Amino acid sequence: MQQHRTRIKICGLTRPEDMRFVVASGADALGFVFYPPSPRYVTPEIAGALLREIPPFVMSVGLFVNIDEAGLQEVISKAPVQLLQFHGDEMPEQCASLAASVNRPFIRAYRVKADTRPEDLLECEQSYRKASPLFSGLLLDTHVDGYGGSGKVFDWSLIPKELAPRVVLSGGLSVQNATGAVSQVRPFAVDISSGVESAKGIKDEASVRAFVAAVRLADNQE
C-alpha cells in the first residue's frame, strides 16, 4: 500500500523568526489571519513582508472572515497569498465571486456542530465544487461562537470515509492527539494554530517540531 504523507499547515503566523523554524520543521503551508478581531491578526503590510521570506514550494494561505471584494483585493495587492481560506458566513456564490476577483483558489471552513450529519459534509463540498472551479476543498473545524480557529475537537467519526482523503482536518489538534487523529481520519492535511503556541500568535519551536513528528508517526503506521 502506498504511504500517504499528510500535509501540514501551521496557521496564525505573525513573526519572521517563527516562520523560519516552522518552514525548517517541514510544514507544507503557512497561514496568515486577515481578520482584525483575532489575536493572530496581521496587517497586509506585515504579511507581505513575511511572504517575501517564504521559500519555493511552501504554500501561503490567507484566512478571511466575511470580507468584501474590495477589501480582499486590497489585502492581496499587498500580501499576495496563494490560497484563500474563507472562515465566515460566506455562501458558495460569494466564495466563488471573491476568489474570482483575485484569481485565487480557495478552501472553505466548515464548522462541524453536534448535530452535523456525514451527508451534510458531502452536500457542502458538492455545492462549493459546483459554484466555482477555484474551490480546492473543505477545512473541517469545530463550531463555536465567533470566528477563526476553535481550539476544540469535534467528533471525527462524522467525516465520511470517501470525503476524508480530500479534507483539511482542524479544530483542537495538538501534539498529544495528532497521531490518533491522522490514524483515524486519514485526512489529506491537518491545520493547527493554538496547539503549537507559547502565547497567542507566538509559535513554540519545540511544539511545532513535536506536532510534525506526531503526524509523521501516523503516516508511518499505514
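**Helices α3 and α4**

I began with the packing of helix α3 (residues 69-78) on helix α4 (residues 92-102) in this predicted model. I found their axes 9 Å apart, at an angle of about 35°. I noted the crossing as right-handed. From α3, the contact takes in Glu69, Leu72, Gln73 and Ile76. From α4, Ser97, Leu98, Ser101 and Val102 take part. I sorted the residues of this contact into four nonpolar, three polar and one charged.

**Helices α6 and α7**

Next I looked up helix α6 (residues 178-185) against α7. Here the axes come within 8 Å and cross at roughly 35°. I recorded a right-handed crossing for α6 and α7. On the α6 side I listed Ala178, Thr179, Val182 and Ser183. On the α7 side I listed Phe211, Ala214, Val215, Leu217, Ala218 and Asp219. The split for this contact is seven nonpolar, two polar and one charged.

**The barrel**

I then turned to the strands. Eight of them form a closed barrel in the order β1-β2-β3-β4-β5-β6-β7-β8, and the pairing is parallel. As background, strands of a sheet pair through backbone hydrogen bonds, either parallel or antiparallel.

I followed β4 on both sides. Strand β3 (residues 59-64) pairs with β4 in the parallel sense, over four bridges. In that pairing I found Val61 opposite Leu83 of β4. Going the other way, three bridges join β4 (residues 83-86) to β5 (residues 106-112), again with the strands parallel. Leu84 stands opposite Phe106 in β5. Gln85 has Ile107 of β5 as its bridge partner.

**Faces of β4 and β5**

In a regular strand the side chains alternate between the two faces of the sheet. I checked where the side chains of β4 point. Leu83 and Gln85 point one way, Leu84 and Phe86 the other way, and all are buried.

I asked myself how many residues of β5 are buried. I got seven of the seven, so β5 is largely enclosed by the rest of the structure. One side carries Phe106, Arg108, Tyr110 and Val112. The other side carries Ile107, Ala109 and Arg111. Both faces are covered, and the buried residues include Arg108 and Arg111.

I also looked for a helix over this part of the barrel. Helix α5 (residues 118-131) lies across β5 and β6 (135-142). It runs at about 145° to β6.

**Helix α1 and what covers it**

I went back towards the N terminus for α1. Which residues of α1 are buried? I noted Asp18, Met19, Phe21 and Val22. Their cover includes the strands β1, β2 (29-33) and β10 (202-203). The helices α2 (44-51) and α7 (205-219) also belong to that cover. After α1 comes Gly26, and I read its phi as positive, near 105°.

**Thr14**

My last stop was Thr14. I placed Thr14 in the loop between β1 (7-10) and α1 (16-24). Which residues does Thr14 touch, leaving aside its neighbours within four places in sequence? I listed Arg40, Val42, Ile46, Leu50, Gly201 and Ile202. For Gly201 I looked at the atoms involved. A polar atom of the Thr14 side chain lies 2.7 Å from the backbone oxygen of Gly201.

Key:
Residues numbered from 1 in each chain as written. Predicted model: local features only at pLDDT ≥ 70, side-chain atom pairs only at ≥ 80, totals over all residues. Heavy atoms only, no water. Axes fitted to C-alpha atoms, helices over the stretch in contact; angles between N-to-C directions. Helix = DSSP H or I, 4+ residues; strand = E, 2+ residues; numbered from the N terminus. Left-handed = near helix turned anticlockwise from the far one by under 90°. Contact = heavy atoms within 4.5 Å. Nonpolar A, V, L, I, M, F, W, Y, C, P; charged D, E, K, R; others polar. Polar contact = N/O pair within 3.5 Å; in protein donor to acceptor, adjacent residues only side chain to side chain. Buried < 20%, exposed > 50% of the residue type's maximum accessible area, 1.4 Å probe, protein only. Pairing = 2+ DSSP bridges.
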